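Here is a short report on a protein model. Please look at the sequence and the 3D view before reading on.

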2 protein chains.
Amino acid sequence: MQGPFIKHYMMTAGPTPLPPAVSGAMAEPILYHRAPAFVELYANCLEGLKRVFQTENDVLTFAASGSGGMESAVANLASAGKALVASCGKFGERWAELNEAFGADYVHHDFGWGNRVEPDELERVIAENGGDFKVVYTTLSETSTGVVNDVERLTQVAHDAGAIIVIDAVSGLGAIPIPQDEWGVDVIAAGSQKALMCPPGLGFASPNQKALDLAAGVQSRAYYFDWQKTLKGQRKDPPDSPFTPAVSIFMGLDVALRMIEDEGLENVFERHRQLGGAARAAVKGLGLELFGPEDERANVVTAFKVPEGVDGGKLPKLLRDRYNITANGGQNQLKGKILRIAHTGYFGAFDIILSVAAIEMALRDLGADVEVGAGVAAAQRVFQEAGVPAGAPA
Amino acid sequence: MQGPFIKHYMMTAGPTPLPPAVSGAMAEPILYHRAPAFVELYANCLEGLKRVFQTENDVLTFAASGSGGMESAVANLASAGKALVASCGKFGERWAELNEAFGADYVHHDFGWGNRVEPDELERVIAENGGDFKVVYTTLSETSTGVVNDVERLTQVAHDAGAIIVIDAVSGLGAIPIPQDEWGVDVIAAGSQKALMCPPGLGFASPNQKALDLAAGVQSRAYYFDWQKTLKGQRKDPPDSPFTPAVSIFMGLDVALRMIEDEGLENVFERHRQLGGAARAAVKGLGLELFGPEDERANVVTAFKVPEGVDGGKLPKLLRDRYNITANGGQNQLKGKILRIAHTGYFGAFDIILSVAAIEMALRDLGADVEVGAGVAAAQRVFQEAGVPAGAPA
């Protein structure tokens, strides 16, 4: 499927690279979803997911992409009352599209691509729009821009206004902290293909009792994504799924969750902190400008502005065709304007080094005035100062 | 994951066993969904699916189980007018549950578990209920009972009444004929985990223009399963997916579709005809009774009645624990009453032989008066008379 003699490097923000052990587990003979071997593995995964979500809630699983996890929230809550969508990029806007599709009563406030959803501003927006919101939808890590929002404070703002908060954490969960129960986040939606180091195909939602109660009180137009249906199955002993589960991805997830457990969730977060810090240092070391506010929490993906005079649309293509590196350019209105350095999931220090090295070379090819090696050296210094380089799990 | 020294045999109707070449492809490094290598593979799959569906329609793909393909039909058509659900088992009833969840105006007629949805009876039911149906939902192969409906004639009946027909072919597509365009079937819903020899996680729907027009004229409450959204992406050049696709399963599907192509779709159908014929012969050779009408079209899964005096609930467990064979018992009201011999997808002649051999031994263990070897011999004769034993694809 890939060129026979050329080594390719997948350096993307989602799907992210798979650990060989995860690929290996998925290549084992498939299991029947009601056979004890699968049921046990499934139960393990459900417990392991709770530890990554840092919650006692059931983490509901759907054979779907991360957007399916998001859809489950809107499908179950659309009739619960007025909603506020607080977006700052492509994925935040998906909350608005979902609310529109489900005929919800909602207000969409766009905080601007590259900006954060600032808690004080959210408070103002809520007040200006009557204050009577039941649900606030927003984003942990906006993959389209690299921005990470302060979910802890946004949760307080929503709660102070009497609303529950639903967070799209598809691209942040398991890479940066979002302790659901400690912060009181009502619903987290996520997917398998980012920090969870699995292929796309599993969507998650972890409603707390308050969110479940709110959904139970209203008409849902959900079947496949109905929370109660999946909850009922998962709470059986042994747990069961109302639809055929994505068996092979669960087989991979079981291994991936064990890897996260072995590394330790706090160490996983620390590794992502180092990777993000090194990526930002590399951008600055090259004399380039970060896209969005510099933020030590923004450790999911690092976006930088393509320098003036460089045809940014050519950058991802050149990286791929000449250097065999798959990287992410900008999406929608940011197409050709930014490049994103991925570092979520199965990434180690030297993935940043090689990504930055290739970016330097490709930028030179396109006529940019950057010093080859300057970004690499800046990243090296970050890793070296940290003492132990951030190694991906074995 | 499985016992270390015991060879297990997965003989189930879905998920079905995976060919090693499919598992191998999925263990390759994952591809970024916008990289040319994946886009090409994705485009190949979309074309290959059309050949298996025997249609010029776009086969819309969703990261979901087969039920997601079914849900897409109801989500897009629920507001199109009065619907008739014609069910004859567990999966047919799912159409009713879906119509209920989506608030559709529908009539549910249960033709009875183990019966076929007979075309003449369908005609009568339509007339008795006012005749003004816009959509008829029914099933190709009812996995819960092994019954296969005459979709060609059911389609005529629906069309004569001015309705479109939507067929759940999750368990039959690619095993038994359902030439969509030749028969004029308006929508086929299917999944990846049966005759397509892939893990669960891809749901399909193949609406024709009439179905798309009907859906386009009404309010849908779909986003993730919205036909237009996925259609628009798939019709781009190169094709694109509105949500992150289930990349690893597409990597497997690409190989599986090539295997089907290499074997030839007509040969695939012939193989399933032999497998089904042998399974029925084995049941009769053992002096047992088939569940449902004997039908030479019913080549997806063969159900038989557990003989009087045998505790049928123990049969699947004994097969698994003593003989290391995972087989399907009955579901819902058929629990303990039937056993199902699976033969869809990556199955060859000797899979039937070994399944029947184990069933004979387990039935003896449970005190049944069956002659060990009699079922096996009956199956052997079917294969031998066919000349070439039905080999699974290489």
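How far apart do the C-alpha centres of domain 1 of chain A and domain 2 of chain A lie? They lie 28 Å apart. Keep in mind that this is a predicted model.

## Two domains in chain A

The domain assignment of chain A gives two parts. Domain 1 covers 9-16 + 265-385, and domain 2 covers 31-261. The two domains touch. On one side, 27 residues of domain 1 of chain A are in contact, and on the other, 25 residues of domain 2 of chain A. Which elements each supply at least two residues of the domain 1 side? In chain A, they are α11 and β11 (301-305). Of the elements, α11(A) gives the most to that side, with 4 residues. By class, the domain 1 side divides into 13 nonpolar, 11 polar and 3 charged residues.

## Two chains and an axis

Now turn to the pair of chains. Two copies of a chain are related by a rotation about an axis and a shift along it. Here, a turn of 180 degrees and a shift of 0.0 Å along the axis lay chain A on chain B, with an RMSD of 0.0 Å. That is the relation of a two-fold axis. Which C-alpha of chain A is nearest the axis? That of A:A64, at 2.4 Å from the axis.

Next comes the contact between the chains. 50 residues of chain A are in contact with 50 residues of chain B. Five helices of chain A give two or more residues each to this side: α1 (20-26), α2 (36-53), α3 (66-77), α4 (90-101) and α10 (247-263). The most comes from α3(A), with 4 residues. By class, the side of chain A that touches chain B has 28 nonpolar, 16 polar and 6 charged residues. Why can we say that the copies meet through the same surface? Because 100% of the interface residues of chain A are also interface residues in chain B.

## A helix that is largely enclosed

Helix α10(A) deserves a closer look. Start with its length. It has 17 residues, which at 1.5 Å a residue should span 24 Å. The end C-alpha atoms of α10(A) are 25 Å apart, which agrees.

Is α10(A) largely enclosed or open? 12 of its 17 residues are buried, so α10(A) is largely enclosed by the rest of the structure. Among the buried ones are A:V247, A:F250, A:D254 and A:I260. What do the buried residues of α10(A) pack against? In chain A, they pack against α1, α2, β10 (202-205) and α11 (265-285). They also pack against α1 (20-26) of chain B. After α10(A) comes A:G264, whose phi is positive, near 95 degrees.

## A covered strand

In a regular strand the side chains alternate between the two faces of the sheet. Strand β14(A) can be read with that in mind. A:I338, A:R340 and A:A342 point one way from β14(A), while A:L339 and A:I341 point the other way. The strand is mostly covered, with 5 of its 5 residues buried.

Which strands pair with β14(A)? The table lists two partners and one facing residue pair for each.

| Partner of β14(A) | Sense | Bridges | Residues opposite each other |
|---|---|---|---|
| β11(A) | antiparallel | 5 bridges | A:K305 and A:I338 |
| β13(A) | antiparallel | 2 bridges | A:N328 and A:R340 |

## Backbone details

Some spots in the backbone are worth finding in the view. The peptide bond from A:D237 to A:P238 is cis, with omega near 0 degrees. A:P238 lies in the loop between α9 (227-235) and α10 of chain A. In chain B, a cis peptide bond joins B:D237 and B:P238, with omega about -5 degrees. B:P238 sits in the loop between α9 (227-234) and α10 (247-263) of chain B.

Two residues other than glycine have a positive phi. For A:N332, phi is about 50 degrees. For B:M197, phi is near 60 degrees. Where are they? A:N332 is in the loop between β13 (328-329) and β14 (338-342) of chain A. B:M197 is in the loop between β9 (187-191) and β10 (202-205) of chain B.

Is A:N332 buried or exposed? A:N332 is exposed, with 10 other C-beta atoms within 10 Å. B:M197, by contrast, is buried, with 28 other C-beta atoms within 10 Å.

Notes: Residues are numbered from 1 along each chain as its sequence is written. Chains are lettered from A and ligands numbered from 1 in the order in which they are written. This is a predicted model: local features need pLDDT of at least 70, side-chain atom pairs count only at pLDDT 80 or more; totals for chains, interfaces and linings use all residues. Copies are superposed by least squares on the C-alpha atoms of residues with pLDDT of at least 70 in both. Two residues are in contact if their C-beta atoms, placed from the backbone, lie within 7 Å. Ala, Val, Leu, Ile, Met, Phe, Trp, Tyr, Cys and Pro count as nonpolar, Asp, Glu, Lys and Arg as charged, and the others, Gly among them, as polar. A residue is buried if 20 or more other C-beta atoms lie within 10 Å of its own, exposed if 12 or fewer, and partly exposed in between; C-beta atoms are placed from the backbone. The expected span of a helix is 1.5 Å times one less than its number of residues. Domain bounds come from an automatic or database domain assignment. Two strands pair if DSSP finds at least two bridges between them.
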